[in-house]
Amino acid sequence: PRTAEADVTGHPNHKVSFSDSSKSSKRDSSRPSISRNNSQPSSPRLLSPRGDKDRDRPRSQQPWSDNRAWQRVNRQSEALWQESPSVLSPASPQPRPFLIYHDSFLNLLGPSPSLSLLISDPRAPYFHEAGVFHPATNTLFITSNQIPDTSPDAVTTHNKTIVITKIEFFSPTDFTRDKVRCPERNYMANGGTNFRNGLILCAQGSLREPSGLIYMEAKRPHKTTTVLNNYHGRPFNSPNDVVVHSDGSIWFTDPIYGYEQGFRPKPQLPQHVYRFDPSTGDIRVVADGFGRPNGICFAPDEETCYITDTDFIHGDGTKVHSRPATIYAYSVYWTNDQPYLTNRRVFAYADTGAPDGIKCDVYGNVYAGCGDGINVWNNGGMLVGKILIEGGCANFCFGRNGEMWCFGEHKLWRVKLGDETRGALLGV
């Protein structure tokens with residue numbers, strides 16, 4: 001996990017506090033050194049399974065062996081599919097979970113990619129957001145979508161609650177599942193990330209409780225502490241996703257979904273992206289101009305910041321197809337030892353649903369949870385592949401050695417990619 005030496009100290013303007021029992025540890029700076037132009041592993045490339053007799057046949061019409069988990073999508077198939085039944089259209093039913101838009105995706109998949117269902121629970125949408133893997137305890141933390149709650153206390157959250165699930169793995173398919181008993185300050189937890197010996201969660205708040213950032217210890221009893229709950233005295237909207245920079249600062253998005261869903265008061269701030277420095281108490285806006293800022297992550301070299309805008313779907317469920325379902329890229333520049341975001345540009349637009357959770361691998365490729373599963377772009381913005389997941393995927397998390405967990409509301413999926421395809425955040 002990425003750690004920082006600085007302690008989180010109280011600040012009178014921000015009501016910042018931190019648990020004395022959570023001691024910082026020195027950050028492991030041995031993150032992978034990569035070239036920004038290298039979008040795939042250096043391992044041998046997988047070749048198309050074409051025989052000599054098929055060598056002269058158009059690539060999009062090559063036959064594929066039935067045991068392959070992936071298939072190629074012809075870049076021109078949208079226009080050609082009516083003319084040739086052997087050309088695969090991206091809009092056609094997909095019998096295999098891995099779609100190849102560019103050969104570089106084959107290297108990320110490795111020799112034996114797989115998609116398997118770990119848990120299916122029809123009772124409630126327990127697998128929605130966060131997705132924080134804690135390597136020291138081999139534990140995965142996941143926040144649920146909103147679940148009906150008839151208890152008297154739930155009146156301030158519009159009779160809804162959010163549950164944090166803890167899954168401890170002993171092997172890829174052998175695990176225990178438990179519910180984290182959260183104190184009140186974890187109202188409506190959403191996104192999360194690794195921080196020191198535990199994790200940071202976005203607490204969306206309620207009609208009574210403030211929203212902000214919460215630190216939760218990874219080990220029982222999962223003690224929590226409020227890190228930040230206002231911007232110079234003005235309440236946040238409903239923080240959605242969060243990432244920690246190598247300098248120890250915490251960056252997070254703050255859309256108005258909580259207000260639209262009835263459990264937060266009327267917004268008193270625009271929909272910003274913030275940077276908070278726990279060592280100084282400095283909180284500042286680093287990006288604005290979004291419809292609904294959502295996911296956030298850094299490239300492995302931290303010279304680029306990616307932020308998703310999910311204005312396509314509003315908090316009440318309304319979908320507006322003319323609004324952004326977009327990933328924006330920003331350049332990270334430093335002045336007076338302070339980073340700021342500049343050079344905003346469109347990185348990608350999701351063709352199905354909206355890009356929610358977003359993460360990079362150690363090679364700089366960008367992964368986002370979309371309406372049809374996980375979409376993968378190289379660092380130039382080219383769509384190189386998709387991992388198709390039934391019902392789509394709001395968020396996901398990298399584990400060890402090419403393992404990913406994908407959250408499909410009532411279902412938890414496991415994806416196995418190549419061993420060298422690892423998340424940039426942990427690099428394990």
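This is a short talk on the empty spaces in one protein model, a pocket and a cavity.

Okay, so first off, keep in mind that what you're looking at is a predicted model. The protein has 428 residues, and 56% of them count as buried. In terms of secondary structure, we've got 3 helices and 28 strands. If you take the contacts with a separation of 6 or more, 55% are between residues 24 or more positions apart. On the outside, about 18,200 Å² is exposed, with carbon and sulfur atoms supplying 48% of that.

Right, the pocket. The largest one holds about 790 Å³ of space. It's lined by 34 residues, and the ones closest to the centre are His 128, Asn 145, Ile 313, Asp 356 and Glu 409. Break that lining down by class and you get 19 polar, 9 nonpolar and 6 charged residues. Two strands, S23 (366–370) and S27 (403–408), each put in at least two residues.

Now, how many cavities of 30 Å³ or more are there? The count comes to 1. The space in this largest cavity is about 310 Å³. Strands that give two or more residues to its lining include S10 (189–195), S14 (242–244) and S22 (358–360). S4, though, gives the most, with 4 residues.

Nearest the cavity's centre, out of 29 lining residues, you'll find Thr 193, Val 243, Ile 358, Lys 359 and Leu 425. And the make-up here is 17 nonpolar, 8 polar and 4 charged. So, put the two linings next to each other: 19 polar residues around the pocket, and 17 nonpolar ones around the cavity.

Note on methods: Residues numbered from 1 in each chain as written. Predicted model: local features only at pLDDT ≥ 70, side-chain atom pairs only at ≥ 80, totals over all residues. Heavy atoms only, no water. 1 Å grid on protein atoms, 1.4 Å probe; cavity = no way out; pocket = protein on both sides within 12 Å on 5 of 7 lines; lining within 4 Å. Points joined across faces, edges and corners; volume = space filled by probe spheres on them. Nonpolar A, V, L, I, M, F, W, Y, C, P; charged D, E, K, R; others polar. Buried < 20%, exposed > 50% of the residue type's maximum accessible area, 1.4 Å probe, protein only. Contact = heavy atoms within 4.5 Å. Areas by Shrake-Rupley, 256 points an atom, 1.4 Å probe, with all protein chains shown as cover.
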